[in-house]
Amino acid sequence: MPALSSAVTIGVVGAGAMGAGIAQVAAQAGHAVRLYDMQPGAADKAIAGMTRALLRLAEKGKLSAADAAAIPARVRPASSLSDMADCGLVIEAIVERLDSKRSLFGELEGIVAPDCILATNTSSLSITAIAAGMQAPTRFVGMHFFNPAPLMALVEVVTGLATAAEVTAAIRDTARAWGKSPVVAQSTPGFIVNRVARPYYGEGLRLLHERAADPATIDAVMREAGGFRMGPFELMDLIGLDVNFAVSNSVYNAYFQDPRFKPSLIQQEMVAAGYLGRKSGRGFFAYGESAAPPVPAAEPPRAFSGTVLARGALRLLGPLVERLRAAGIAIETLPAETRIGAGYLQVGDCVVLLTDGRTATAHAAQSNFANLVKLDLAFDYARATRCAVARADQCFAAGFDNAVGLLQAGGLAVSRLDDAPALAVMRTVAMLANEAADAVHQGVCSAATATPGCRRASTIRAGRWPGPMRSASTPWSASSTTSARTTAKTGTASRRCCAASLPQAGASMADAAPADPQHLAEAVGRAMFDRDRASQMLGLTLDSIAPGRARMTMRVRPDMCNGHAICHGGLIFTLADSTFAYACNSYNVNTVALGCTIDFMAAGKEGEVLTAAGEMRQQGSRTGLYDITVTNQDGKIIALFRGKSYRIKGDVL
């Protein structure tokens, strides 16, 4: 079945913004269009709005006056669905409710000809589920446009289980004939874009929830460092928080509450308050003539002092070094100190290194180097105008000032984020790449369609960003792989690694540092946590791991407590015992417990965050003794655990 000829009449049901936009696209391609809406006068209003918009384009010289008059003239309002009888394609753009769509297509089947193709513009509902009640589901397909439809190039052509291959091909070719860029996807929740784009909003909202930075700062970092055209918060305001939140809920529930897609409580509250973004005059930012533009946070000007060193293999930081040298800064090259990392900048007694997913504070503790500052990823340090940094809790003020002064001397605005894992750009890019890899791995789309799908869609609107799958073949690949591994290692289920990426991640780690004990410990920790279902269900997180050491955290939930809001001792024992196991196995060897004791010093209470820090205190030829201290967020000791392990043959990985 070839692309539909321009002589075929197109029907559009729903005269809202999307329906009117689709009608305009079809009319611009030369089709006669029937536009129907159950609300009286809605179709006439949509055609009038289309006419005004096209006349404005003609006044600006972007469209001829003849076309501005001819396009809306091809669109006629339909008084009822029966006016669709002579259409060769009917596209639905009504409310996102499964029952409403099923009812509509059931009625349309009795009106249109047997060879008429029926399509839905749904953004997240199952194509298979909508078609389930149809008499001829083979002619039903998804044709998902993006708002505004006349401007956005992408169209997702979505096949249900029963969709005929020739119908898919016809709609794909028709979309191409209409000047669009079609990508074919299987019917899974969110299809390509609304699934793969979830981390762009999700990680931004998590950063806000973690109080890492305010929306204006996160947006500025994503634009000016990450190379994205819009930040996540201004993009949500543009889309509409109610629309974005509805899609988030739809995808989350369709995936059986997979934590990766968990909606944000912050967004829920804003929708409940009516703060919907641009259309309501207020969202994450205020809009209107009197509204002040958002101002991102930036560190005040500082100077730096001391020798500047480039140590080790800098890889992604290479362009930054060249930028600093071009600014007249003398930089000496020396080997790296392996306890800190493979490659970094040192100014005076402060170290600046690219985030690898660990917090600056955890990295400083593991390396026993206090003055440590983590630098967020930038698409291109040579062209970036801003960078984000995080300061270790141990870092002295003078050391941090030196790091900021150095970056500012290179012409960068510096925004300080709270010490969040993987910061902003790194964690977002890693999770976008991870989600795209998962979609390809599960057969939702091909690698060739995942990248254009995300780059051309309004939901990400990337500027210089190469796209999720192409990240693997750019200089970003090493850092995004590292970030995906290490953010997954924190134990946050929302950052679960795609199964297909784990072998590559392991190979990348092995290639990068096959004999590095710290990298080996991290690989062990990741491998253990991936199959540690008990810890995941209890909400335990693996905060850090090093040879002979581990640190885990647990928030005490109400269901973990007795009637007096006191945590059951067995759960505290589990937290300590899990930390013991991770510390014992941190050398890539299997161990078994020979025995352990635990002394409870105080009660753990509901709402408290309990942290277990374990460390080897003695290692014999085959046995090791470990101490684990459990504290609450105020540093009060809850319990002391002492364990003994015995090493057996075999590897964890």
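Strands here are DSSP runs marked E of at least two residues, numbered from the N terminus, and two of them count as paired if DSSP finds at least two bridges between them. With that in hand, welcome to a predicted model. Two open sheets are the things to get to know: one has six strands with antiparallel pairing, and the other has seven strands with mixed pairing.

**The six-strand sheet**

- Reading across this sheet, the strand order is β16-β17-β19-β20-β21-β18.
- β16 (541-546) and β18 (590-600) sit at the edges, so to speak, with each one pairing on one side only.
- From one strand to the next, the twist averages 20°.

**Zooming in on β16 and β17**

- β16 teams up with β17 (residues 549-555) in the antiparallel sense, over five bridges.
- If you'd like some residues to click on, Thr541 has Thr553 in β17 as its bridge partner, and Ile545 stands opposite Ala550 of β17.
- The two strands make a hairpin with two residues between them, and Gly548 takes a positive phi there, near 80°.
- Helix α20 (residues 517-530) lies across both β16 and β17. Its direction is at about 150° to β16.

**On to β19**

- β17 is also joined to β19 (residues 609-619), this time by seven bridges, and the two run antiparallel.
- One pair to look up is Arg551, whose bridge partner in β19 is Ala613.

**A nonpolar patch on the surface**

- Val592, Leu594, Tyr646 and Ile648 together make a nonpolar surface patch of about 310 Å².
- Two strands feed into the patch: β18 and β21 (637-648) each supply at least two of its residues.
- Ile648 belongs to strand β21. Its relative accessibility is 34%, and because partly exposed covers the range between 20% and 50%, Ile648 gets that label.

**The seven-strand sheet**

- The order in this sheet is β10-β9-β11-β12-β13-β14-β15.
- Its edge strands are β10 (331-334) and β15 (413-416), and each of them pairs on one side only.
- The twist in this sheet averages 30° from one strand to the next.

**Inside the seven-strand sheet**

- β12 (residues 350-354) and β13 (residues 372-375) run parallel, joined by four bridges.
- Val351 has a bridge partner in β13, namely Leu372.
- Helix α14 (residues 360-367) packs on this sheet and touches β12, β13 and β14 (386-391). Compare its direction with that of β13 and you get an angle of about 135°.

**One thing to keep in mind while browsing**

- When you follow a regular strand along, the side chains alternate between the two faces of the sheet.

Technical notes
Residues numbered from 1 in each chain as written. Predicted model: local features only at pLDDT ≥ 70, side-chain atom pairs only at ≥ 80, totals over all residues. Heavy atoms only, no water. Axes fitted to C-alpha atoms, helices over the stretch in contact; angles between N-to-C directions. Contact = heavy atoms within 4.5 Å. Patch = residues over 30% accessible without salt bridge, like charges linked within 9 Å, V, L, I, M, F, W, Y side chains within 5 Å. Areas by Shrake-Rupley, 256 points an atom, 1.4 Å probe, with all protein chains shown as cover. Salt bridge = Lys/Arg side-chain N within 4 Å of Asp/Glu carboxyl O. Buried < 20%, exposed > 50% of the residue type's maximum accessible area, 1.4 Å probe, protein only.
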